[in-house]
Amino acid sequence: MAEVTQKPAAPAAEAPSSEEVVVEKPVTEKDPPATLESEPQAPGKPAPVVEEEVVAVEAEKPKETGEVKIAQSVSFKEETNVVGELPESQKKALDELKQLIQEALNKHEFTTPPPPPVKEEEKPAEPEKTEEKVEEKVEVKEEEKVEVKEKQKTPDAPSTSEEPKTEEPKTTEAETVTPPPPPPVEVKEEEKVEVKEEEKVEVKEEKKGEPPAEAVVVAEVVVAKVTTVDEDGAKTVEAIEETVVAVSSTPPAAEEPAPAKEVDAAPTEETKTEETPAPPPPPEEVFIWGIPLVGDEKSDVILLKFLRARDFKVKDAFIMIKNTVRWRKEFGIDALLEEDLGNELEKAVFMHGFDKEGHPVCYNVFGAFQDKELYQNCFANEEKRVKFLQWRIQFLERSIRKLDFSPNGICTIVQVNDLKNSPGPAKRELRQATNQAVALLQDNYPEFVAKQVFINVPWWYLAFNRMISPFLTQRTKSKFVFAGPSKSAETLFRYIAPEQVPVQYGGLSREGEQEFTVADSATEVIIKPTTKHTVEFSFSERCLLVWELRVVGWDVSYGAEFVPSAEDGYTVIVSKTRKVSPTDEPIICDSFKISESGKVVLTIDNQTSKKKKLLYRSKTKPLSD
C-alpha cells in the first residue's frame, strides 16, 4: 500500500517539461497535515514522487477561489530490461553481480547462516596452553636424563661385588691410570633406550595393577652392566644387548606389539578417508517470485531491479538480494501464498484493469478505514497489525506472480491512491502499520511501481509534499502524480483508458455482466461551458443500436431522438430531455430499434461555467424478426 522512497538509479537525461494541475481546496477540511508514514506507497519501488513544486503561500493560505497550482513533471519513462540495449557500465555491473551470486550459490551462502563471530580474547589463549605443555614435557625429559646420568656416575654396590675378586686390583689400577671412557654416542643411545624401556614397563605394569618394583630392578641391572665399560668396551656392548633381550623377553614386553598395531592402524584409516573425499554439494537453487536468481533471461530482469534500486552499486545490490532472500524465508512467503486470510480488505485494496501501456493497476482506498469496525479489525493491536501486514504482502506477492519478467514484458504496476476521507496521520495505529509496510517494501520489493497517482488529494497534503520533496530524488519525484477532487477523473484518463477505470472514479468499468466490456473502447469529448454537444449515429439498414454514456460530474441535460432520412418522416423521441445530477445514475445505457434509414442524435447541454468530460461508446446488433 505504501510506495517506498529509496535512492535508485539516476533520473532520465531529458529535462522535464512542466504542466499545471489545478487542485481544489475543500473548505470543510479539518485534518492535520499527513506524515511520511501515512503516505501511501507502492510495493518496494523507490517511492517516486512527482516533481511537484508547491508555492508555500498558495498551499498553506489558498486563495478565495479555492485552487492551488502545482508544477508537475513529465511522466517517468521506464528503462529497458534487454541486456543488449543497456549501457556498457550497466552490463558490467550486471555481470559482476551475477558472478557474486553464482559464487554465493556454490558456497550455499543463501541458505547457510553465517558462523558466529569468534571472540578476540579467546584466540591467543590456545597457543599459550600448548606452549606450557611443551615446556612441561621438555622439563620432565630433562629431569629423567639427569637422573639416569646420576645413576651411571654412582653405580650400586651389588653390581661390583658380582665381579671376580682376582680382577679387582686390575680394575682399580686401570681406573687410576688410564680410565677408558665409554663412547659418548653409544652411552646416549643406551640411556634413551633404558629410559624408554623403563617408561614402557612402568606403564604396562600400572595398567595390570602390578607393583612397579620389578621395573626398578631391571634398570639397576642394566646400569650395573653399563659400568663394566671401563674394563672392556666389547663386554659392555654384549651386556647391553643381553639386557635389552632380557627386558624384551619379559611377559609385559610381549604385549608391546599390540598397541603398536593399533597406532599403525589409525593412520591407515585416515589415509583411506583422505583418498576418497566426499564430493562437494551441488550449487543451491534460490528463487524469487518463482524465478531463479541466475541462469534465465528473466533472472537478469530481477537483478536489474536490485541494481537500479542501489544505483548500480554491485556490492550494495548483492547485500540487498541476500537480505531479501533471508527475509522471505523468515517471513514464510511460500507458505503465506497458500493461506486463507479472508477478504474483508478487498474494498480497501484491489487490482482493476490496465493502464494505456499495459501495466496492471492497483487501487488503494484509504477512505475505507473510516469504517470503525474495519479499522479495529486491522489496527487495534499488534497481532491485528501483523495480520494486516501479512494480508497486504500476500496480495502483493500474488499480484507480482502475474507479471511478465521477460526482457520485453511488463514487470511493474501502477498504483492509484485514493485519499478521499482518509483517516490521516492522527491515527497512530494506522501510522504504525504504514511504518512497518514502508520498511518491508523499501528493502524487499525494489522497482515494482511504474507510477504513483494520488487522487482526491486534500490541500494540506500538497503542503506536506512540498516539505518532503527536497529529500526525494528526481527519479522518485518523476513517478508521483497528484490530483484534487475535481481533477481526479481527468488525471486518471491521462494514464488509464476510461473503459478500464472503475465507475466510482469516473470510468465506465463495472462489475458483473454488462453489455460492454473493456474491449469496447470509449470516445472522450470535452464539452465547453454553456454549450450543447450532439453525438450522431447514422444507419441505412435495419439494426439494433445500443449505447452508453456518462458525463463526469454530470450536472447537464441529456436527451436522445431518432431522425429519419425521409423528408416526410417523423422524429421519434428515444429519451426525453432531462437534467442529470451528480447523485443520479453514473452511466446511462439505452437502445433503439432502427427499421428505416436515419440517425440517432444524442444531445448534452452543459449550462454550467465549467467544462465537462463526456464518455460514450456504442455497438450495433442484427435486428431479429
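**Exercise 1. Place Ser-299 in this predicted model: list its contacts beyond the sequence neighbourhood, and decide whether it is buried or exposed.**

Solution.
- Step 1. Set aside the neighbours within four places in sequence; Ser-299 is then in contact with Ile-291, Pro-292, Leu-293 and Val-294.
- Step 2. Look at the side chain. From Ser-299 it reaches the backbone oxygen of Pro-292, at 2.5 Å.
- Step 3. Assign the element. Ser-299 sits in helix α11, which covers residues 297-309.
- Step 4. Check the burial. The relative accessible area of Ser-299 is 0%. Buried means under 20%, so Ser-299 is buried.

**Exercise 2. Identify the residues that touch the most other members of the largest nonpolar core, and the elements that give it two or more residues.**

Solution.
- Step 1. Start with the core itself. It holds 61 residues. Those touching the most other members are Leu-97, Ile-101, Phe-110, Ile-321, Phe-369, Phe-405 and Tyr-445.
- Step 2. Turn to the elements. Two or more residues come from each of α2 (88-106), α11, α12 (314-331), α13 (333-338), α14 (372-379), α15 (382-401) and α16 (428-444).
- Step 3. Look for another core. One of 24 residues lies apart from the largest; its members include Cys-543, Leu-549, Phe-592 and Ile-604.

**Exercise 3. Work out the strand order and the edges of the open sheet that contains β8 to β12.**

Solution.
- Step 1. Read the order. The five strands run β8-β9-β10-β11-β12, with mixed pairing.
- Step 2. Find the edges. β8 (349-354) and β12 (480-482) each pair on one side only.
- Step 3. Take the twist. On average, neighbouring strands of this sheet are turned by 20° against each other, direction ignored.
- Step 4. Inspect β8 and β9. They run antiparallel and share four bridges. One bridge pairs Met-351 with Cys-362 in β9.
- Step 5. Follow the connection. β8 and β9 form a hairpin with five residues between them. In the turn, Gly-358 has a positive phi of about 95°.
- Step 6. Compare β10 and β11. Strand β10 (residues 413-418) runs parallel to β11 (residues 449-455), joined by six bridges. Asn-417 stands opposite Phe-454 in β11.

**Exercise 4. State which strands α15 lies across, and describe Val-386 in that helix.**

Solution.
- Step 1. Locate the helix. α15 lies across β8, β9 (360-365) and β10. Its angle to β8 is about 20°.
- Step 2. Place the residue. Val-386 belongs to helix α15.
- Step 3. Classify its exposure. The relative accessible area is 35% for Val-386. Partly exposed covers values between 20% and 50%, so Val-386 is partly exposed.
- Step 4. Set sequence against space. Val-386 and Gln-436 are 50 residues apart in sequence, and their C-alpha atoms are 9.1 Å apart.

**Exercise 5. Explain why helix α17 counts as largely enclosed by the rest of the structure.**

Solution.
- Step 1. Take the helix as residues 459-468, 10 residues in total.
- Step 2. List the buried ones: Trp-459, Trp-460, Tyr-461, Leu-462, Ala-463, Phe-464, Asn-465 and Ile-468.
- Step 3. Conclude. Eight of the 10 residues are buried, so α17 is largely enclosed.

**Exercise 6. Summarise the whole protein: how many helices and strands, and what share of residues is buried?**

Solution.
- Step 1. Count the elements. The protein has 19 helices and 20 strands.
- Step 2. Take the burial. Of 625 residues, 41% count as buried.
- Step 3. Turn to the surface. The accessible surface is about 35,700 Å², with 53% belonging to carbon and sulfur atoms.
- Step 4. Check the contact range. Among contacts between residues at least 6 apart in sequence, 80% join residues at least 24 apart.

Key: Residues are numbered from 1 along each chain as its sequence is written. This is a predicted model: local features need pLDDT of at least 70, side-chain atom pairs count only at pLDDT 80 or more; totals for chains, interfaces and linings use all residues. Side-chain values use heavy atoms; hydrogens and water are left out. Buried means under 20% relative accessible area, exposed over 50%, partly exposed in between (1.4 Å probe, protein chains only). A polar contact is a pair of N or O atoms within 3.5 Å; within protein, one must be able to donate a hydrogen and the other to accept it, and residues adjacent in sequence count only if both atoms are side-chain atoms. Contact means heavy atoms within 4.5 Å. Accessible areas come from the Shrake-Rupley method with a 1.4 Å probe; for residues, only the protein chains shown count as cover. A nonpolar core is a set of buried Ala, Val, Leu, Ile, Met, Phe, Trp, Tyr and Cys residues joined through side-chain atoms within 4.5 Å. Two strands pair if DSSP finds at least two bridges between them. Axes are lines fitted to C-alpha atoms, for helices over the stretch in contact, and angles run from 0 to 180 degrees between N-to-C directions.
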